[in-house]
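Subject: Structure for your review

Dear colleague,

Please find below the structure that I am handing over to you. My account of what was found in it follows directly after.

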Amino acid sequence: MDQRSLEEAVRSSWLVRESQAAKKVLSGRTDTGLRGAVTGGGHLDAITELLADVFRDAGFAPDAVRCKSGVTLPGYFRAAKKWDLVVIHEGVLVAAIELKSHFGPSFGNNSNNRSEEAIGSAVDLRQAYDHGLLGAVRPWLGYLLLVEEEPRSLRRGTPRSGTFPVDPAFGETSYLDRYVLLCKRLRNAGLYDATCLLASSREGDAFVRQPDPEVGFAAFGAAILARIEEIGLLPRN
C-alpha cells in the first residue's frame with residue numbers, strides 16, 4: 001500500500017464521482033445536485049480493492065476477501081448491515097471495514113451524519129459479537145474516511161451548544177480537524193481497531209494528504225498486517 005497506489009485509488013474516486021454526476025445531468029436528474037455522484041455508488045471501489053489486496057497478498061483465499069457480495073453481517077440493534085470489505089477465514093470474521101466519503105459543498109449538514117453512521121455501525125457490530133452472533137473471535141473493525149479538502153471543509157469555527165459547553169477540543173476547528181478527532185476517538189474508545197482519514201483536493205490531479213499520521217494510511221495498513229499476523233497467515237521472519 002504505497003503512496004503511489006493510494007494516489008491512483010483516490011484519483012479513481014474522483015473520476016467515478018465526476019462520471020456519475022455527468023450521467024445524472026444527461027438523464028435529466030439534476031435535482032439531487034452533487035449528491036448523485038455519491039449515491040451512484042462505486043466511487044470508493046478502488047480504495048476498497050487496495051485494502052482487499054493486502055489480505056489477498058497475505059494468503060487469504062479469493063473467496064475469503066469479499067467486496068461486493070457476502071458482505072452482510074448481523075447486527076444487534078438492527079437485523080443486518082452491509083459492510084464494504086469483509087474477510088472471513090475458516091469461519092472466523094477476520095475483519096470488517098467501512099469506507100465513507102464526504103465531499104462538498106454541504107459540510108455543515110452532513111458531518112454529524114457521518115459521525116453518527118461511524119459510531120452506530122461499530123456499536124451495532126460490537127453488540128452483535130457480545131451477544132454471540134459472530135462467533136468466538138472478536139471481530140477486527142476498520143474505518144476509512146475520504147474528505148474533500150476545500151475552503152469550506154477547512155474553515156475554522158467553534159460549534160455551538162444550546163445547553164452545556166462544547167468539548168474544548170472542538171474549539172476553533174475546521175470540519176477536517178473534527179474528522180481527525182472523530183477518527184482518533186473512535187479508535188481510542190475501542191469502537192474500531194484502526195481508523196484512517198484521507199483528505200483530497202479537486203485541484204492538483206486529486207492530490208492526497210494525510211492530516212494526521214496517527215490515523216494515516218500507513219498506520220491503517222500496519223494495523224491490518226498486525227491483524228493478519230494475529231490470525232496466523234502472515235509469514236514470520
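Two residues are said to be in contact when heavy atoms of theirs lie within 4.5 Å. Of the contacts in the protein chain with a separation of 6 or more, 60% are between residues 24 or more positions apart. Please note that this is a predicted model.

Overall composition

The protein chain has 237 residues, of which 43% are buried. It contains 7 helices and 8 strands. An open sheet of 6 strands, with mixed pairing, has the order 1-4-5-6-7-8. Strand 1 and strand 8 (207–209) are the edge strands, each pairing on one side only.

The sheet, from strand 1 to strand 5

I begin with the antiparallel part of the sheet. Strand 1 (residues 65–66) pairs with strand 4 (residues 85–89) in the antiparallel sense, over 2 bridges. One bridge partnership here is that of V65 with V87 in strand 4.

Strand 4 also runs antiparallel to strand 5, and 5 bridges join the two. Within this pairing, V86 has A96 of strand 5 as its bridge partner, and L85 stands opposite I97 of strand 5. Strand 4 and strand 5 form a hairpin with 2 residues between them.

The turn of that hairpin deserves a separate remark. E90 is found in the loop between strand 4 and strand 5, and it has a positive phi of about 50° although it is not a glycine. Because its relative accessibility is 72%, above the 50% cut-off, E90 counts as exposed.

A second residue can be described alongside E90. E172, which is not a glycine, has a positive phi of about 50°. E172 lies in the loop between helix 5 (151–154) and helix 6 (175–188). With a relative accessible area of 49%, E172 is partly exposed.

Strand 6 and its neighbours

Strand 5 (residues 92–102) and strand 6 run parallel and are joined by 8 bridges. The bridge partner of A95 in strand 6 is W140. Between these two strands the chain passes through helix 4 (residues 107–130), and this β-α-β crossover is right-handed. On the other side of the pairing, strand 6 is joined to strand 7 (residues 194–201) by 7 bridges, and these strands too run parallel. There, E148 has S200 of strand 7 as its bridge partner.

Is strand 6 buried or exposed? Of its 9 residues (140–148), 9 are buried, so strand 6 is largely enclosed by the rest of the structure. In a regular strand the side chains alternate between the two faces of the sheet. Both faces of strand 6 are covered. On one side the buried residues are W140, G142, L144, L146 and E148, and on the other they are L141, Y143, L145 and V147.

Returning to the sheet as a whole, its 6 strands are in the order 1-4-5-6-7-8. Helix 4 packs on this sheet and touches strand 5 and strand 6. The direction of helix 4 makes about 175° with that of strand 5.

Helix 3 and helix 7

The next finding concerns a pair of helices. The axes of helix 3 (residues 45–57) and helix 7 (residues 217–231) come within 10 Å and cross at roughly 35°. This crossing of helix 3 and helix 7 is right-handed. Which residues make the contact? Helix 3 contributes L50, L51, V54 and F55, while helix 7 contributes F217, F220, I224, L225 and I228. By class, this contact has 9 nonpolar residues, with no polar and no charged ones.

Helix 7 also holds A218. At 63% relative accessibility, above the 50% cut-off, A218 counts as exposed. A218 and D2 are 216 residues apart along the chain, yet their C-alpha atoms are separated by 8.2 Å.

In closing, two points may serve as a starting place when you open the model: strand 6, with both faces covered, and the right-handed crossing of helix 3 and helix 7.

With kind regards

Conventions: Residues are numbered from 1 along each chain as its sequence is written. This is a predicted model: local features need pLDDT of at least 70, side-chain atom pairs count only at pLDDT 80 or more; totals for chains, interfaces and linings use all residues. Side-chain values use heavy atoms; hydrogens and water are left out. Buried means under 20% relative accessible area, exposed over 50%, partly exposed in between (1.4 Å probe, protein chains only). Helices (H or I, at least four residues) and strands (E, at least two) are DSSP runs, numbered from the N terminus. Two strands pair if DSSP finds at least two bridges between them. A crossover is right-handed if, with the strands pointing away from the viewer, the path from the first strand over the helix to the second runs clockwise. Axes are lines fitted to C-alpha atoms, for helices over the stretch in contact, and angles run from 0 to 180 degrees between N-to-C directions. A crossing is left-handed if the near helix is turned anticlockwise from the far one by less than a right angle, and right-handed if clockwise. Ala, Val, Leu, Ile, Met, Phe, Trp, Tyr, Cys and Pro count as nonpolar, Asp, Glu, Lys and Arg as charged, and the others, Gly among them, as polar.
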